[in-house]
Amino acid sequence: MYAQMVDTGANKLRALEDMGPEERAFQERVDADVKIEPKDWMPEAYRKTLIRQISQHAHSEIVGMLPEGNWITRAPSLKRKAILMAKVQDEAGHGLYLYAAAETLGVSRDQLVADLHAGKAKYSSIFNYPTLTWADIGAIGWLVDGAAIMNQIPLCRCSFGPYSRAMIRVCKEESFHQRQGFDIMMTLCRGSAEQKAMAQDALNRWWWPSLMMFGPPDAVSNDELRQRFVDQTVPQADYLGITMPDPELKWNAERGHYDFGPIDWDELYNVVKGNGPCNRDRLQTRVKAWEEGAWVREAALAYAEKRAARAQKAA
Amino acid sequence: MTEDRRVFDYLLRLADSDLVLAQRLGEWVGHGPVLEEDIALTNVGLDLLGQARLWFAYAGEVEARFAEAGRSEDALAFLRDSGEFRNLLLVEQPNGNYADTMARQFYFDVWHQLLLVKLAHSRDPRIAEIAVKAEKEVVYHAERSADWIIRLGDGTDESHARIQAAIDDLWMYTGEMFDPDEIDTPLAEEGIGCDLRALEPAWREAVGSVLDEATLTLPGGTWMQRGGKKGVHTEHLGHMLATMQWLPRTYRGAEW
Ligand SMILES: [Fe+2]
Ligand SMILES: [Fe+2]
């Protein structure tokens with residue numbers, strides 16, 4: 001998903017000696033690459049940014065289960081069905097430890113989920129595109145998980161300990177997902193003409209949205225990561241024998257990189273605004289699952305309370 | 001019917017119930033009442049899918065003994081029509097609400113565990129081997145579904161009413177679990193399968209004690225639906241197979 005390094009929220013332009021003792025200690029730890037832990041003092045802006053970013057990331061994992069879950073019941077072999085179920089389960093696990101990391105900052109998961117359902121919190125726009133064929137499951141693993149890894153590797157070094165540790169775990173699993181996705185694409189590309197056409201069609205639809213995952217070109221690091229992703233992915237497409245939907249894509253020997261055509265940012269902003277093909281469905285699906293599950297959660301809570309009361313009485 | 005054909009059919013019953021229930025649980029992914037439940041349901045689904053694949057693999061080997069060739073797991077899962085499916089009617093019932101899903105799971109898990117404990121001593125070493133492995137997983141399934149029955153039964157008024165309704169609704173699909181036919185009986189006598197009738201008292205006791213703790217009532221109905229093992233299913237299976245089998249049937253012979 002689209003994620004940036006966390007801004008520490010401390011004003012770096014201020015000299016250390018102008019800071020209060022707490023802020024100074026905080027800044028010195030960050031500068032010395034010592035992880036900030038939940039109990040440590042931290043600037044309010046840092047805490048807020050972290051909560052926003054980690055929860056946005058967690059929401060992306062959860063909403064991201066939907067486009068792929070869409071194919072579990074239709075996976076074309078038992079092996080693929082098992083791999084896909086395990087993958088979507090991994091994403092749920094990512095959501096779970098990211099919510100847990102956010103909770104160390106003093107917000108509850110319920111509150112974060114309520115913000116998502118109210119449309120106040122964002123999730124990665126990539127999941128607002130539909131999965132129309134089985135090849136989309138391959139393309140998502142290959143491109144979307146691939147881009148996510150590239151975005152997330154820097155986060156493994158994030159200054160906030162719980163986020164950094166969660167990301168190390170997440171990145172390991174995402175790289176499995178990427179390999180599995182590529183394997184689906186390879187099988188399709190080696191298959192019948194129809195299967196290969198399915199793979200090409202999926203690439204056509206997922207390529208540009210994947211490039212947009214690196215965020216707008218307003219930060220140098222976004223463009224650098226995007227270029228790295230293009231350079232890594234184009235040879236893989238060549239190997240598969242399918243082509244990127246970009247007539248301007250070509251190797252630039254002088255730069256030592258692939259040149260690629262302009263990205264349609266209006267499309268991204270439009271999807272971010274809520275006008276993507278699946279924005280409404282994704283959110284409605286999450287809200288529906290949550291609302292329909294309310295009586296189950298209430299029952300579990302009521303039972304736990306009764307049990308605790310009985311245990312107390314017995315004691 | 002030759003011995004191999006009987007064993008083949010028997011293995012399909014085991015495989016199909018696992019597969020069909022795994023498919024149902026797969027429908028929940030992303031829609032569970034809470035994230036932890038999404039993960040747990042998927043775990044159970046993955047276990048059952050894994051068990052189905054082991055039974056299918058062995059079924060294919062047994063089939064090769066009497067047919068020209070044994071079918072692959074995918075041919076067995078995706079290219080048989082509903083009349084050839086041998087699963088229990090119980091597991092093909094729709095997910096409904098969470099109580100329906102949990103009641104279905106609970107009835108099945110308790111039976112499944114009792115069955116696997118017996119099959120772990122099968123004279124057929126492959127059946128015994130798979131059953132031993134599967135039973136380790138199913139112990140956990142049965143504990144989990146019993147926990148949920150208790151939680152829902154002894155939770156709120158609403159959850160109590162919902163789970164009691166689900167327990168009642170699904171009751172008529174439990175009879176065929178204990179109903180031996182001309183395949184079960186000889187296999188049980190030879191020590192390959194197991195005596196299904198003998199499982200019933202233990203099942204009733206286990207189910208009854210959980211329902212008791214859950215403040216729920218064991219249904220009293222005596223009419224039981226049957227037909228799963230003979231391929232006579234409820235209307236739900238056809239829809240499930242239409243979804244599940246659509247891709248491999250549309251692109252015949254393709255590798256995925
Ligand atoms: Fe993930
Ligand atoms: Fe992933």
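Me: How far apart are the iron ion (ligand 1) and the iron ion (ligand 2), and which residue coordinates both?

Reply: In this predicted model, the two iron ions are 3.6 Å apart, and the residue that coordinates both is A:E91.

Me: What makes A:E61, A:E91, A:H94 and A:E174 donors of the iron ion (ligand 1)?

Reply: Distance. The donor atoms of A:E61 (OE), A:E91 (OE), A:H94 (ND1) and A:E174 (OE) lie 2.0 to 2.2 Å from the iron ion (ligand 1). The cut-off for a donor here is 2.8 Å, so these atoms qualify.

Me: Why is the arrangement around the iron ion (ligand 1) called irregular?

Reply: Its four donor atoms subtend angles of 86 to 141 degrees. To count as tetrahedral, all angles would have to lie between 85 and 135 degrees. Square planar needs opposite donors over 155 degrees apart. The range of 86 to 141 degrees fits neither, so the arrangement is irregular.

Me: How are the donor residues of that iron ion (ligand 1) spaced in sequence?

Reply: The pattern is E-x29-E-x2-H-x79-E. A:E61 sits in helix α2 (residues 44-69) of chain A and A:E91 in helix α3 (residues 78-103) of chain A, so this pair ties together parts that are 30 residues apart in sequence.

Me: How do you know that A:E61 and A:E91 are buried?

Reply: Buried means under 20% relative accessible area. A:E61 has 7% and A:E91 has 5%, so both count as buried.

Me: What about the other site: which residues are the protein donors of the iron ion (ligand 2)?

Reply: Those are A:E91 (OE), A:D145 (OD), A:E174 (OE) and A:H177 (ND1), at 1.9 to 2.3 Å from the iron. Of these, A:E174 and A:H177 both lie in helix α6 (residues 161-189) of chain A, three residues apart, or about one turn of the helix. Both A:E174 and A:H177 are buried.

Me: What makes the site of the iron ion (ligand 2) irregular?

Reply: The angles among its four donor atoms run from 85 to 146 degrees. Tetrahedral stops at 135 degrees and square planar asks for opposite donors over 155 degrees apart, so the site is irregular.

Me: Over in chain B, why are α5(B) and α7(B) called oblique to each other?

Reply: Helix α5 (residues 98-119) of chain B and helix α7 (residues 157-170) of chain B pack at about 50 degrees, with their axes 8 Å apart. Under 35 degrees would be roughly parallel, and roughly perpendicular runs from 65 to 115. The pair is therefore oblique. Residues making the contact include B:A99, B:R104 and B:Y107 of α5(B), and B:R162, B:I163 and B:L170 of α7(B).

Terms used:
Residues numbered from 1 in each chain as written. Chains lettered and ligands numbered in written order. Predicted model: local features only at pLDDT ≥ 70, side-chain atom pairs only at ≥ 80, totals over all residues. Heavy atoms only, no water. Donors = N, O, S within 2.8 Å, 3.2 Å for Na, K, Ca; no water. Tetrahedral: all angles 85-135°; square planar, octahedral: opposite > 155°, others 65-115°. Helix = DSSP H or I, 4+ residues; strand = E, 2+ residues; numbered from the N terminus. Buried < 20%, exposed > 50% of the residue type's maximum accessible area, 1.4 Å probe, protein only. Axes fitted to C-alpha atoms, helices over the stretch in contact; angles between N-to-C directions. Parallel < 35°, antiparallel > 145°, perpendicular 65-115°, else oblique. Contact = heavy atoms within 4.5 Å.
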